[in-house]
Amino acid sequence: MTKKAIVFGITGQDGSHLADLLLSKEYEVIGVSRRASTDNTGRIKHILQNSKFLLVQGDITDAHSVANILKEHDDVDEIYNLAAQSHVAVSFKQPGLTWDITGKGCLNILQSIEDLGMKNVRFYQASSSEMYGKNYDTDREQNKFQNEHTKFLPQSPYAIAKCAAHHMTRLFREAYGAHASAGILFNHEGERRGETFVTRKITKWIGDFEKSGRDPEFPKLRLGNLEAFRDWGYAGDYVEAMWMMLQQDSPDDYVICTGETHTIREFLDVAFKHIGIDDWSNLVVQDPEFYRPAEVDYLRGDNTKARTKLGWELKHSFEDLVRKMVKHDIEN
Ligand code: NAP
Ligand code: F7E
């Protein structure tokens with residue numbers, strides 16, 4: 001029988017990749033997008049005419065809006081909550097909005113599921129490695145890592161809102177028996193990544209610089225802290241893990257990551273090498289505007305549980321990811 005899924009956050013990076021995956025598995029997909037004064041469907045243009053895809057308008061900060069959508073589609077099998085104000089730096093400037101969307105939005109969906117008695121539906125919450133903030137564990141060789149047992153010590157309004165949503169998901173699982181899982185995803189990137197996240201900001205700049213014919217007058221690339229470590233994977237690989245979590249008999253939480261970590265400086269090295277530049281120091285300016293009031297210095301996940309319990313596999317290496325993004329931004 002055809003399965004049906006609702007995806008909140010359909011217009012985002014992950015929403016668009018997840019929709020592609022679900023449609024390839026013959027799902028009917030109901031994508032929820034909020035009203036915007038300009039077109040926000042750029043990432044899903046290629047599926048708008050698909051007869052198995054339906055775009056509906058809704059906003060997760062509005063409990064009525066969420067309930068109306070769920071009432072109308074109360075026969076769905078799976079609900080994915082990927083909607084968020086997902087930019088960490090923005091969350092320091094707009095903490096209230098971030099709380100309403102990234103924190104309370106999740107509650108609005110979970111409570112609607114419960115109120116409508118949708119006992120058979122499976123729910124996915126997009127949790128984040130940002131929840132670990134300053135914290136990590138260490139292995140026998142004193143290497144730092146985070147896994148499902150590492151305690152959260154969030155460092156931004158975004159991360160605190162994600163912690164609230166994460167615990168709400170766990171609570172609905174324990175209190176009401178909801179089939180509610182959370183993926184604690186480490187940074188994942190790709191050609192569809194928003195242009196103000198650091199990886200895409202770099203690869204987009206390189207693409208534009210190449211298109212300028214390496215014009216010496218081309219404005220320099222302005223970045224903040226280059227020393228933070230991130231565990232970067234490819235978004236297309238990560239949405240498969242989301243789907244796998246909802247195919248399990250029991251709901252649970254899983255860390256999704258590569259297990260490798262690199263600094264922003266290392267990302268710059270690999271990205272610039274791709275266009276034959278070994279020394280990028282005269283092309284990049286460190287600008288205080290892009291430093292955050294509080295930073296997350298080190299993220300490196302341990303994906304053992306996802307690999308062993310879900311059978312999830314990583315398909316793209318760090319080098320593949322950077323190459324793919326640079327190539328895309330040069331060619332498009
Ligand atoms: P993204 O590109 O920023 O997409 C966020 C989506 O949420 C967009 O579709 C956005 O719509 C939608 N949205 C924002 N506010 C909304 C509201 N009030 N009501 C309904 N929809 C709303 O984020 P992403 O990278 O795809 O990430 C997907 C999810 O995973 C997010 O929850 C993010 O916090 C989380 N996450 C991401 C990463 C990562 O590295 N990418 C890692 C861990 C967790 P508009 O297009 O209209 O703005
Ligand atoms: O920053 C540094 C910045 O904004 C990464 C979101 O998807 O992943 C993402 O959050 C690092 C930070 O991602 C610039 O200080 C330097 O140390 O690309 P980012 P993020 O904050 O790690 C997690 C897992 C999520 O859940 C989030 O939704 O790069 N950095 N210079 C900069 N960052 C930005 N954005 N811009 C700069 O110019």
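This tour of a predicted model goes from its open sheet, through two helices that lie against the strands, to a single glutamine in a loop.

Begin by selecting the open sheet of seven strands, whose order is 3-2-1-4-5-8-13 and whose pairing is parallel. At its edges you will find strand 3 (53-57) and strand 13 (253-256), each of which has a single partner strand, so one side of each is left without a neighbour in the sheet. Looking along the sheet, note that neighbouring strands are turned against each other by 20° on average, direction ignored.

Next, select strand 5 (residues 122-128) together with strand 8 (residues 179-185), two parallel strands that are joined by seven bridges. To place one of these pairings in the viewer, pick Gln 125, whose bridge partner in strand 8 is Ala 182.

Now add helix 5, which packs on the sheet and touches strand 5, strand 8 and strand 13, its direction making about 150° with that of strand 5. Then add helix 7 (residues 235-246), which lies across strand 4 (78-81), strand 5, strand 8 and strand 13 and runs at about 155° to strand 8.

Finally, move to the loop between strand 7 (144-145) and helix 5 (157-176), and select Gln 155 there. With a relative accessible area of 19%, Gln 155 counts as buried, because the cut-off for that term is under 20%. Displaying its surroundings, and leaving aside neighbours within four places in sequence, you will find Gln 155 in contact with Phe 92, Gly 133, Lys 134, Ala 294, Glu 295 and Val 296. Of these residues, Glu 295 merits a distance label, since its backbone oxygen lies 3.4 Å from a polar atom of the Gln 155 side chain.

Definitions and conventions
Residues are numbered from 1 along each chain as its sequence is written. Chains are lettered from A and ligands numbered from 1 in the order in which they are written. This is a predicted model: local features need pLDDT of at least 70, side-chain atom pairs count only at pLDDT 80 or more; totals for chains, interfaces and linings use all residues. Side-chain values use heavy atoms; hydrogens and water are left out. Helices (H or I, at least four residues) and strands (E, at least two) are DSSP runs, numbered from the N terminus. Buried means under 20% relative accessible area, exposed over 50%, partly exposed in between (1.4 Å probe, protein chains only). A polar contact is a pair of N or O atoms within 3.5 Å; within protein, one must be able to donate a hydrogen and the other to accept it, and residues adjacent in sequence count only if both atoms are side-chain atoms. Contact means heavy atoms within 4.5 Å. Two strands pair if DSSP finds at least two bridges between them. Axes are lines fitted to C-alpha atoms, for helices over the stretch in contact, and angles run from 0 to 180 degrees between N-to-C directions.
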